[in-house]
Structures are given as structure tokens and as C-alpha cells.
Amino acid sequence: MNIFGEWLFLLWTIKASYALSTDHICTRTENYTITSMETYVQPVVVNTYTWCLQVPPRCPRMRTEMRQRYRIKKLFQRQSVPGEI
């Protein structure tokens with residue numbers, strides 16, 4: 001093989017490896033949602049009645065309790081995915 005053929009082969013392999021590298025793959029951004037259950041504590045007013053020495057013999061009583069509640073939490077994120085050719 002002559003020098004020109006070797007030089008041409010070398011240029012072709014460099015070009016082919018450069019074209020196959022992942023640097024030239026188009027990417028697109030895709031949005032997606034993650035949903036999860038989140039727990040939190042909420043104050044709740046509870047009305048009860050107790051016996052007492054009044055007329056009527058029941059007295060209202062209010063107290064505050066901390067109760068565990070659940071809510072759906074949505075988290076929006078982005079992800080880069082390879083684009084279509």
C-alpha cells in the first residue's frame with residue numbers, strides 16, 4: 001500500500017470513529033411527574049361532652065389533638081433522553 005492509501009485509510013477511520021461517538025447524538029428534554037404520599041401532622045379541634053353539676057348535666061368541652069394526615073405530593077422533573085433520528 002502506498003502512503004496515499006494509508007493516509008486515506010487513517011482519515012476514514014478517524015472520521016468514522018468521530019461520527020460514531022456519542023457527542024453528536026441529539027437529545028431532547030422530557031418532563032415527567034413523580035407522585036408520592038406525604039404524611040403531616042394537623043391540629044384538630046375535638047368537641048366532647050362531660051358530666052357536670054349544671055342544668056343540663058352535660059358540659060361541652062373542646063380539646064385540640066394532633067392527627068396524622070396524608071396528602072399526595074407531586075414533583076415535576078426533567079430528563080434528557082436520546083432524540084429520534
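Reader: What is the bridge partner of Thr29 in strand β2?

Author: In this predicted model, the residue of β2 that forms a bridge with Thr29 is Ser80. Another such pair is made by Thr48, whose bridge partner in β2 is Arg61.

Reader: What makes β1 and β2 a pair of strands?

Author: Two strands pair if at least two bridges are found between them. Strand β1 (residues 27-51) and strand β2 (residues 58-82) are joined by 25 bridges, and therefore they count as paired. The two strands run antiparallel.

Reader: How many residues does the hairpin use to join β1 to β2, and what is found at the peptide bond between Val55 and Pro56?

Author: The hairpin passes from β1 to β2 through six residues. Pro56 lies in the loop between these strands, and the peptide bond that joins Val55 to Pro56 is cis, with omega at about -10 degrees.

Reader: What pattern do the helix and strands follow along the sequence?

Author: The protein chain contains one helix and two strands, and reading along the sequence gives the pattern α-β-β.

Reader: What makes the link of Cys52 and Cys59 a disulfide?

Author: A pair of cysteine sulfur atoms counts as a disulfide if they lie within 2.5 Å. For Cys52 and Cys59 the distance from S to S is 1.7 Å, which is within that limit, and so the pair qualifies. The structure holds one disulfide, and the link of Cys52 and Cys59 is right-handed, with 80 degrees about the S-S bond.

Reader: Why is Cys59 called buried, while Cys52 is called partly exposed?

Author: The word buried is kept for residues under 20% relative accessible area. Cys59 has a relative accessibility of 13%, and so it counts as buried. Cys52 has a relative accessibility of 21%, which is not under 20% and not over 50%, and therefore Cys52 is partly exposed.

Reader: What share of the residues in the protein chain is buried, and what is the accessible surface of the chain?

Author: Buried residues make up 6% of the 85 residues in the protein chain. The accessible surface comes to about 8300 Å², and 60% of this surface belongs to carbon and sulfur atoms.

Reader: Why is Met66 called exposed?

Author: A residue is exposed if its relative accessible area is over 50%. Met66, which lies in strand β2, has a relative accessible area of 55%, and therefore it counts as exposed. Leaving out residues up to four places away in sequence, Met66 still touches Val41, Gln42 and Pro43. Between Met66 and Tyr40, which are 26 residues apart in sequence, the C-alpha to C-alpha distance is 9.8 Å.

Reader: What makes Arg71 a charge over the ring of Tyr40?

Author: Part of the test is that CZ of Arg must be within 6 Å of the ring centre, and the other part is that it must be within 35 degrees of the ring normal. Arg71 lies over the face of Tyr40 at 4.1 Å from the ring centre, and so the distance part of the test is met. Arg58 is likewise placed over the face of Trp51, at 5.2 Å from the ring centre. As for pairs of aromatic rings, a search of the whole structure finds zero.

Reader: Why are Arg71 and Glu38 both called partly exposed?

Author: Partly exposed covers what lies between the limits of 20% and 50%. Arg71 has a relative accessible area of 41%, and so it falls in that range. Glu38 has a relative accessible area of 27%, and so Glu38 falls there as well.

Reader: Where do Arg71 and Glu38 lie, and which residues are they in contact with?

Author: Arg71 is placed in strand β2, and Glu38 is placed in strand β1. Although they are 33 residues apart in sequence, their C-alpha atoms are separated by 5.3 Å. Neighbours within four places in sequence aside, Arg71 is in contact with Ser36, Met37, Glu38 and Tyr40, while Glu38 is in contact with Arg69, Tyr70, Arg71 and Lys73.

Reader: What share of the contacts with a separation of 6 or more comes from residues 24 or more positions apart?

Author: In the protein chain, residues 24 or more positions apart account for 63% of those contacts.

Terms used: Residues numbered from 1 in each chain as written. Predicted model: local features only at pLDDT ≥ 70, side-chain atom pairs only at ≥ 80, totals over all residues. Heavy atoms only, no water. Helix = DSSP H or I, 4+ residues; strand = E, 2+ residues; numbered from the N terminus. Buried < 20%, exposed > 50% of the residue type's maximum accessible area, 1.4 Å probe, protein only. Contact = heavy atoms within 4.5 Å. Areas by Shrake-Rupley, 256 points an atom, 1.4 Å probe, with all protein chains shown as cover. Phe/Tyr/Trp six-rings, centres within 6.5 Å; stacked < 30°, edge-to-face > 60°.
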